[in-house]
Amino acid sequence: QVQLVESGGGSVQAGGSLRLACIVSGDVISDYGMAWFRQAAGKEREGVAGISTAYMALYADSVKGRFTISKDSAKNSVYLQMNSLKPEDTAMYYCAAASRVWAPSLFASDWMYWGQGTQVTVSS
């Protein structure tokens, strides 16, 4: 079975940076699309960034220009580089995956596999 495990979360001050990692086991991700979602306390889960099987990326407007998603098939991992963090970025961040994703998506229903999340807290 496919399993996703996130890491790299933590607490930082506004303007700081974090890099989240998601390691996939149970399958290779060369044919997978990957995505990052987040859910803040009391709010709905929202798509942050997605990357297709062919490495095309899509970002939410709220993070565009600050976050970068990347996929490393050799390490079976996906990453989210987060720069210029803001307090409103505070949330639990989840990794998601699905096979044969030909266009990136920020809709949760498009993703089959999910990790348990890693917490990101940004203080002002």
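**Exercise 1. What percentage of the 124 residues in the protein chain do buried residues make up?**

Solution. The model is a predicted one. A residue counts as buried when its relative accessible area is under 20%. Buried residues make up 44% of the 124 residues in the protein chain.

**Exercise 2. Describe the secondary structure and the overall dimensions of the protein chain.**

Solution.
- Step 1, the elements. The protein chain has 11 strands and 0 helices. Read from the N terminus, the order is β-β-β-β-β-β-β-β-β-β-β.
- Step 2, the extent. The C-alpha trace spans about 40 × 25 × 25 Å along its principal axes.
- Step 3, the radius of gyration. For 124 residues, a compact globule would have a value near 14 Å. The protein chain has 13 Å, which agrees with that expectation.

**Exercise 3. Describe the contacts, surface and charges of the whole chain.**

Solution.
- Step 1, the contacts. Take the contacts between residues at least 6 apart in sequence: 61% of them join residues at least 24 apart.
- Step 2, the surface. The accessible surface of the protein chain is about 6300 Å², and carbon and sulfur atoms account for 50% of it.
- Step 3, the charges. There are 10 positive and 10 negative side chains. The centres of the two sets lie 4 Å apart.

**Exercise 4. Which two cysteines form a disulfide, and where in the chain do they lie?**

Solution.
- Step 1, the bond type. A disulfide is a covalent bond between the sulfur atoms of two cysteines.
- Step 2, the distance. The sulfur atoms of Cys22 and Cys95 are 2.2 Å apart. The cut-off for a disulfide is within 2.5 Å, so this pair qualifies. The count for the model is 1 disulfide.
- Step 3, the location. Cys22 belongs to strand β3 (residues 18-25) and Cys95 to strand β9 (residues 91-99). The two cysteines are 73 residues apart, and their pair links distant parts of the chain.
- Step 4, the handedness. The angle about the S-S bond is -85°, and the link of Cys22 and Cys95 is left-handed.
- Step 5, the burial. Cys22 has 0% relative accessibility and therefore counts as buried. Cys95 is buried as well, with a relative accessible area of 0%.

**Exercise 5. Is Leu18 buried or exposed, and which residues does Leu18 touch?**

Solution.
- Step 1, the place. Leu18 is in strand β3.
- Step 2, the burial. The relative accessible area of Leu18 is 13%, so Leu18 is buried.
- Step 3, the neighbours. Leaving out residues up to four places away in sequence, Leu18 touches Gly8, Gly10, Val12, Leu80, Gln81, Met82, Leu85 and Val120.
- Step 4, one pair. Leu18 and Leu85 are 67 residues apart along the chain, while their C-alpha atoms are separated by 8.2 Å.

**Exercise 6. Describe the surroundings of Ala98 and Gly115.**

Solution.
- Step 1, Ala98. This residue is in strand β9. With 7% relative accessibility, Ala98 counts as buried. Apart from residues up to four places away in sequence, Ala98 touches Tyr32, Gly33, Asp110, Trp111 and Met112. The C-alpha atom of Ala98 is 8.9 Å from that of Ala35, a residue 63 places away along the chain.
- Step 2, Gly115. This residue is in the loop between β10 (113-114) and β11 (118-123). Gly115 also counts as buried, at 7% relative accessibility. Beyond residues up to four places away in sequence, Gly115 touches Leu4, Glu6, Tyr94 and Cys95. One of these, Cys95, forms the disulfide with Cys22.
- Step 3, a distance from Gly115. The C-alpha atoms of Gly115 and Asp89 are separated by 19 Å, and the two residues are 26 apart along the chain.

**Exercise 7. What are the phi angles of Tyr55 and Arg100, and where do these residues lie?**

Solution.
- Step 1, the background. Most residues other than glycine have a negative phi.
- Step 2, Tyr55. The phi of Tyr55 is positive, about 70°, although Tyr55 is not a glycine. Tyr55 lies in the loop between β5 (46-51) and β6 (57-59). At 45% relative accessibility, Tyr55 counts as partly exposed.
- Step 3, Arg100. The phi of Arg100 is near 50°, which is also a positive value in a residue other than glycine. Arg100 lies in the loop between β9 and β10. The cut-off for exposed is over 50%. Arg100 has 60% relative accessibility, so Arg100 counts as exposed.

Terms used:
Residues are numbered from 1 along each chain as its sequence is written. This is a predicted model: local features need pLDDT of at least 70, side-chain atom pairs count only at pLDDT 80 or more; totals for chains, interfaces and linings use all residues. Side-chain values use heavy atoms; hydrogens and water are left out. Helices (H or I, at least four residues) and strands (E, at least two) are DSSP runs, numbered from the N terminus. The radius of gyration is taken over C-alpha atoms; the globule rule is 2.2 Å times the number of residues to the power 0.38. Buried means under 20% relative accessible area, exposed over 50%, partly exposed in between (1.4 Å probe, protein chains only). Contact means heavy atoms within 4.5 Å. Accessible areas come from the Shrake-Rupley method with a 1.4 Å probe; for residues, only the protein chains shown count as cover. Lys and Arg count as positive and Asp and Glu as negative; His and the chain ends are not counted. The place of a charge is taken as NZ of Lys, CZ of Arg, CG of Asp or CD of Glu.
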